[in-house]
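Here are some exercises to work through with the model open beside you. Try each task before reading its solution.

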Amino acid sequence: MAVVEAIDLHRTYRTSTGTIRRKWKNVEAVRGVSFEIEKGELFGLLGPNGAGKTTTIKMLITLLIPTSGTARVLGHDVVKDAREVRRRIGYVFGGERGVYERLSGYDNLRYFAELYGVPPKEQKERIAYLLDLVGLTGREQERTEGYSRGMKQRLHVARGLLHDPPVLFLDEPTIGLDPVGARELRATIATLVDAGKTVLLTTHYMFEADALCDRIAVINKGEIVAHDTPLELKRGVVDGTVVEVEVFGIPDGTVDKVRELAGVLAVSVEEREQAQMLIVQTKPEVELTNVILGTLNGASVGRISRREPTLEDAYVSLVSADE
Amino acid sequence: MKTLRLIWMGWLFQFKQMRRSSFDSFLAILWPLFFATVAFFMFRQGGDPDALIYAGLGAAVMGIWTATSVAAGSALQRERWYGTLEILVAAPAHFSLILLPIGLATATIGLYCMVTTLLFGRIAFGIELGIQDPAAFAFAVLATLLSIGALGFLIAVAFARYRNAWALGAVSEYPVWLVCGFLVPLSFLPDWARPISWLLAPTWGMRAIRSAADGGSPWAEIGMCVLLGACYVALGVLVTNRVLRAARARASLALT
């Protein structure tokens, strides 16, 4: 039996505009998401902002009721058996929110230990162990308002592990962390998986998913557009080539023009300090560098390079396929 | 036993958090004093010392209610801002056992207000209460405090469902002063308002406190106060799951 099962999950939000003549609109945030996560697996959910990652995770951790579809965690339905699900899961999200800033890290953990039903006799020992695990030993009596973002994030992880849950949901846990902090947190996540935890991780960072995840589902506009191992996802675009052109002041409409070229698979633009990087994925048999340069209407061009595709390119290709 | 421990630890945590901000604590105590001052000036014009004692006790309970109604709403709103409301809901403990200590902690802050108001009345306006039965008075205050905490809990349940429900706390502040007879005897109210008064535990708490101060027997009123408080808790526990389900369906737990 799969540890986490999502079967044709849908979630629609109802939003309104206007005050007197209020107009209502339904927004479909998740449209038929299905996947399974096996015991001890680290499953990644990748997607751009607004793709439906957090909505999906919130349905699985019982914070949102699906509009339709079903989901189970360790065989318990997330709507009907919400309490049973909550006993067995830990939830950690990224960012600085989610802590009681006026109180110490220790007070925060003590309160949640009560709420998670950690036996009173075990609380001290468990909290000490977790503080050590996340590297907060010695700082636990300080008010959390003085904690850095990384420390708050590590406190989140400790809180999520208080009741030693078999399943962990990590929603962009490394967002905003400095490189060292993010690396340490990734190491902690890897340790947890080694200890037998089942983990669902959402992230923007391709290298993170590549390094950690056993399988990845790419979600875009509320739908899963690809679902495989990182290796297989890369293989899907490995036959292509990526052309990168540094442009100083990219003309309007360039992306659309390049996208229409024969042999182009995907186009994206990354903002650099004083320039933009035009990244074009092409089919293997075509050479489009000069044609791409021709679409730039004489804009000043810097470095031009060709390289093999990465998982990030696979991701860009997948999420921009239906644009 | 587990339930009692959870309520106790929750109260301890919430109370610690609420009194951590000295500015908030100062405001919570100062705010009711403005209303008490207005009431004392008005009643002093009548020249009746008994009326001033009536106002002194009324203003003291007003302080508890003000602290609870406003603070219970803002406490839940603060949970939303902190991003902790979702974590609380995702915890396996019954949500009512998380909300009840919030109501009780805000009522405890109200006790500070009560003591300050009584001292303020004594020092600034020379109101000597001369409590006849201190033990009964203490029981009456405790019963009032607990029942107001229970009412705060009931309001907090609504706060969990509606993102803007914190305004309800502020709106309910003044009508409760009136309808529970804190400053004006209930006999002054229109007949249709009486059943509302009877259903509100602070009405009975206020009567019990006045009765104990006068040397009368407050036990029947204390009993009614505790009974109504227990009803609020039972009602809150019963509706919590339904309210929470609605909040999960409408996605109103988060800020966005």
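**Exercise 1. State how chain A is divided into domains, and find how far apart the domain centres lie.**

Solution. Start with the bounds: chain A splits into domain 1 (4-233) and domain 2 (239-307), where domain bounds come from an automatic or database domain assignment. Next, take the C-alpha centres of domain 1 and domain 2 of chain A, which are 36 Å apart.

Before going on, two notes on conventions. This is a predicted model, in which local features need pLDDT of at least 70 and side-chain atom pairs count only at pLDDT 80 or more, while totals for chains, interfaces and linings use all residues. Residues are numbered from 1 along each chain as its sequence is written, and chains are lettered from A and ligands numbered from 1 in the order in which they are written.

**Exercise 2. Describe chain A as a whole: its box, its secondary structure and its buried share.**

Solution. Along the principal axes, the C-alpha atoms of chain A fill a box of roughly 70 × 50 × 45 Å. Then count elements: chain A has eleven helices and 14 strands (DSSP runs numbered from the N terminus, with helices being H or I of at least four residues and strands E of at least two). For burial, 46% of the 323 residues of chain A count as buried. The cut-offs use C-beta atoms placed from the backbone: buried means 20 or more others within 10 Å, exposed means 12 or fewer, and partly exposed is in between.

**Exercise 3. Which residues touch the most other members of the largest nonpolar core, and where does this core lie?**

Solution. First, the rule: a nonpolar core is a set of buried Ala, Val, Leu, Ile, Met, Phe, Trp, Tyr and Cys residues joined through C-beta atoms within 7 Å. The largest one has 175 residues, and A:Leu60, B:Val61, B:Ala156 and B:Ile209 touch the most other members. Domain 1 and domain 2 of chain A both contribute residues to this core, so it lies between them.

Now zoom in on B:Val61. Setting aside neighbours within four places in sequence, B:Val61 is in contact (C-beta atoms, placed from the backbone, within 7 Å) with B:Met114, B:Thr144, B:Phe182, B:Pro202, B:Gly205, B:Met206 and B:Ile209.

**Exercise 4. Work out which residues build the contact between the chains, and characterise the chain B side.**

Solution. Begin with the counts: chain A gives 23 residues and chain B gives 22. On the chain B side, helix 1 (2-20), helix 4 (85-90) and helix 10 (219-250) each supply at least two residues. Helix 1 of chain B gives the most, with six residues. Sorting that side by class yields 14 nonpolar, four polar and four charged residues. Here Ala, Val, Leu, Ile, Met, Phe, Trp, Tyr, Cys and Pro count as nonpolar, Asp, Glu, Lys and Arg as charged, and the others, Gly among them, as polar.

**Exercise 5. Where do helix 3 and helix 10 of chain B bend, and by about how much?**

Solution. Check the spans before the angles. Helix 3 (residues 49-82) of chain B has 34 residues and reaches 48 Å from first C-alpha to last, close to the 50 Å expected; the expected span is 1.5 Å times one less than the number of residues. Helix 10 of chain B, with 32 residues, reaches 45 Å, close to the expected 46 Å.

Now the bends, each being the angle between axes fitted to the seven residues ending at a residue and the seven starting there. Helix 3 of chain B bends by about 25° at B:Ala71, while helix 10 of chain B has a kink of about 40° centred on B:Val239.

Look just past the ends, too. B:Gly83, just after helix 3 of chain B, has a positive phi of about 80°, and B:Ala251, which follows helix 10 of chain B, has a positive phi near 55°.

Finally, check the cover: 25 of the 34 residues in helix 3 of chain B are buried.

**Exercise 6. Are A:Asp8 and A:Leu74 buried or partly exposed?**

Solution. Place each residue, then count. A:Asp8 is in strand 1 (residues 4-17) of chain A and is partly exposed because 13 other C-beta atoms lie within 10 Å. A:Leu74 sits in the loop between strand 4 (68-73) and strand 5 (76-77) of chain A, and is buried, with 20 such atoms. As for the backbone, phi is positive, near 50°, at A:Asp8 and also near 50° at A:Leu74. Most residues other than glycine have a negative phi.

How values were computed: Contact = placed C-beta atoms within 7 Å.
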